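Good morning, and thank you for making time for this item. I would like to take you through one structure, and I ask that you keep the display in view while I speak.

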Amino acid sequence: MNILIATLIFVFAFFCAYIDSATGMGYGTLMSPILLIFGFELSIIVPVLLISQMCAGLSACCFHKKFKNIEFNLKDKNIKNGLVFTGMGSIAMILAIFIVIHIDQFFTMIYVGIMIT
């Protein structure tokens, strides 16, 4: 891959992650069309976006813990809820990746087009 394209993707990803962190949403909605414009296939885009979003969420969790915005106490109800959401989100991510890889590209493009619109 060209180093310029890789640098542009990194800058766009950072910008989209910033928007996502500031507003609480929008990473995939912004980054999907950008990666499509660069010529990537949806069977690559969807897993990359899901996994990168998971990594961003984990790093945000670590920073919140570091700056003492949250406490990890296993007796706390919020931690139990968070673990349930994390588990279900991980299962949904794996299923989404599996579906995108095994479904026809045409139907995936229609779905992504509708979601972006």
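I shall discuss the largest pocket, then a nonpolar patch, then the cysteines, and finally one pair of residues.

Please bear in mind that what you see is a predicted model.

I begin with the pocket. The largest pocket has a volume of about 1,300 Å³. Its lining is made up of 41 residues, and those nearest the centre are Leu-50, Gln-53, Met-54, Gly-89 and Met-93. Four elements each give two or more residues to this lining, namely α2 (27-37), α3 (42-66), α4 and α5. Which of them gives the most to the lining? That is α4, with 13 residues.

Helix α4 also leads us to the second topic, the surface. A nonpolar patch is found there, formed by Val-84, Met-88, Ile-91, Leu-95, Phe-98, Ile-99, Ile-103, Phe-106, Phe-107, Ile-110 and Ile-114. Together these residues have about 1,100 Å² of accessible area. The elements that supply two or more residues to the patch are α4 (77-102) and α5 (105-116). The largest share, six residues, comes from α4. As an example from the other helix, consider Ile-110, which lies in α5. Ile-110 has a relative accessible area of 39%, and is therefore classed as partly exposed.

I turn now to the cysteines. In general terms, a disulfide is a covalent bond between the sulfur atoms of two cysteines. How many disulfides does the model contain? The count is zero. The cut-off applied here is a sulfur-to-sulfur separation within 2.5 Å. For Cys-55, the closest cysteine sulfur is that of Cys-62, at 11 Å, so the separation is too far for a bond. For Cys-61, the closest cysteine sulfur again belongs to Cys-62, at 5.7 Å, and this too is too far for a bond. As to their surroundings, Cys-55 is partly exposed, with a relative accessible area of 43%. Cys-61 is likewise partly exposed, at 29%.

Lastly, I draw your attention to Val-11, which is located in helix α1 (residues 3-23). Is Val-11 buried, exposed or partly exposed? With 47% relative accessibility, Val-11 counts as partly exposed. Val-11 may be set beside Met-54, which we met among the residues nearest the centre of the largest pocket. The two are 43 residues apart in sequence, and their C-alpha atoms are 18 Å apart in space.

That concludes my presentation, and I welcome your questions.

Note on methods. Residues are numbered from 1 along each chain as its sequence is written. This is a predicted model: local features need pLDDT of at least 70, side-chain atom pairs count only at pLDDT 80 or more; totals for chains, interfaces and linings use all residues. Side-chain values use heavy atoms; hydrogens and water are left out. Patches are made of residues with over 30% relative accessible area and no salt bridge: like charges are joined within 9 Å, nonpolar side chains (Val, Leu, Ile, Met, Phe, Trp, Tyr) within 5 Å. Accessible areas come from the Shrake-Rupley method with a 1.4 Å probe; for residues, only the protein chains shown count as cover. A salt bridge is a side-chain nitrogen of Lys or Arg within 4 Å of a carboxyl oxygen of Asp or Glu. Buried means under 20% relative accessible area, exposed over 50%, partly exposed in between (1.4 Å probe, protein chains only). On a 1 Å grid over the protein atoms alone, a cavity is a set of points where a 1.4 Å probe fits but cannot get out, and a pocket is an open set with protein on both sides within 12 Å along at least five of seven lines; lining residues have an atom within 4 Å of a point. Grid points are joined across faces, edges and corners, and a volume is the space filled by probe spheres set on the points.
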